[in-house]
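Q: Could you take me through one part of this model up close? I'd like to hear how it sits against its surroundings.

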Amino acid sequence: MPEGHTLHRLAKNLTTLFAGRHVRASSPQGRFTEAAALLDGRLCAGASAYGKHLFIRFDRPEVVHVHLGLYGSFRSGSQPGPAPKGALRLRLETAESYADLRGATVCELIEPEGVGQILARLGSDPLQRKADPETVWTKVHRRRTPIGAVLMDQTVLAGVGNVFRAEALFAHGIHPLRPANTMTRDEFDALWLTVSIMLRAGVRVGRIVTTKPEHRDRRSGQARGEDAHYVYRRTDLPCRLCGTPVRKEELAMRNSYWCPNCQRD
DNA sequence: GCTAAATGTTGAT
DNA sequence: TCAACCTTTAGCT
């Protein structure tokens with residue numbers, strides 16, 4: 001289940017597996033058959049990610065554009081891959097490796113200009129080397145909508161989803177409902193830095209882990225599930241810092257979690 | 001074993 | 001505003 005870090009990790013992985021190789025493409029499910037036939041046997045040029053969008057390139061102008069949505073997944077492994085079953089949208093494979101795409105909101109073959117159009121409507125992605133917080137600040141300090149909604153708005157900042165929203169705001173004691181235009185420049189800079197660090201850690205680890213070891217319930221092993229977060233999905237459980245029950249409320253169509261004591265404004 | 005909810009967006013109404 | 005996407009997992013039984 002993907003926020004920006006998942007897509008960047010995936011792009012890296014697909015590039016390792018397929019760049020510079022001739023790749024077989026098929027759509028056992030049938031919803032991507034025509035495009036798969038066009039790409040079958042072509043030389044793969046690699047994959048890249050921006051925000052939550054993934055692009056796969058071949059030795060032809062068209063580009064595969066994928067958005068995983070809420071429960072899409074791109075799973076890879078060594079051959080022989082499992083027999084195709086269920087709604088397998090796209091399988092890419094070489095003699096050595098396979099990668100299976102399921103459940104994506106978007107899987108389409110687009111013209112090269114289409115990539116620019118998609119990037120044009122996205123805000124700055126903290127995972128890009130040239131990420132630009134200035135354009136994000138400009139939008140943030142003009143909006144009266146809650147900062148918790150603005151953080152999730154992909155036209156403002158690309159790659160942040162519900163987990164990073166909850167955890168980044170908690171890290172700075174900011175209430176999700178606080179109007180974005182009341183944020184000071186210092187507060188915004190700190191939040192941007194935190195989001196950048198959290199996303200990078202996510203790419204490295206392959207999961208979202210925001211808790212410091214001393215704040216976890218279990219002291220041994222890797223933090224998993226609820227143990228890996230301060231407030232996300234911890235409704236009514238005691239805040240790891242102050243013990244106040246964590247609250248939940250819907251914000252921007254998703255459940256928002258916060259500690260009413262640590263995040264007062 | 002079953003159900004509901006989930007790290008998200010699109011497109012119809 | 002809401003269904004669709006159609007998988008996975010947590011939390012019940």
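**Helix 1 and what it touches**

A: Let's start with a helix pair: helix 1 and helix 7 (residues 185-205) have axes that come within 8 Å and cross at roughly 45 degrees. Keep in mind that this is a predicted model. An angle that falls between 35 and 65 degrees counts as oblique, so helix 1 and helix 7 are oblique to each other. As for handedness, the crossing of helix 1 with helix 7 is right-handed.

Who does the touching? On the helix 1 side there are Gly4, His5, His8, Arg9 and Lys12, and they meet Leu199, Gly202, Val203, Arg204 and Val205 of helix 7. Sorted by class, that contact between helix 1 and helix 7 comes to three nonpolar, four polar and three charged residues.

Now for the sheet. It's an open one with eight strands, ordered 5-7-6-1-2-3-4-8 and paired antiparallel. Strand 5 (73-78) and strand 8 (106-110) are at the edges with a single partner strand each, so one side of each has no neighbour in the sheet. On average, neighbouring strands here are turned by 25 degrees against each other, direction ignored.

Helix 1 (residues 4-18) packs on this sheet, and the strands it touches are strand 1, strand 2, strand 3 (53-58), strand 5, strand 6 (88-93) and strand 7 (97-102). Its direction makes about 165 degrees with that of strand 2.

Two of those strands are worth a look themselves: strand 1 (residues 22-26) and strand 2 (residues 42-50) run antiparallel and are joined by two bridges. Within that pairing, valine 23 stands opposite arginine 42 in strand 2.

Note on methods:
Residues are numbered from 1 along each chain as its sequence is written. Chains are lettered from A and ligands numbered from 1 in the order in which they are written. This is a predicted model: local features need pLDDT of at least 70, side-chain atom pairs count only at pLDDT 80 or more; totals for chains, interfaces and linings use all residues. Side-chain values use heavy atoms; hydrogens and water are left out. Two strands pair if DSSP finds at least two bridges between them. Helices (H or I, at least four residues) and strands (E, at least two) are DSSP runs, numbered from the N terminus. Axes are lines fitted to C-alpha atoms, for helices over the stretch in contact, and angles run from 0 to 180 degrees between N-to-C directions. Contact means heavy atoms within 4.5 Å. Angles under 35 degrees count as roughly parallel, over 145 as roughly antiparallel, 65 to 115 as roughly perpendicular and the rest as oblique. A crossing is left-handed if the near helix is turned anticlockwise from the far one by less than a right angle, and right-handed if clockwise. Ala, Val, Leu, Ile, Met, Phe, Trp, Tyr, Cys and Pro count as nonpolar, Asp, Glu, Lys and Arg as charged, and the others, Gly among them, as polar.
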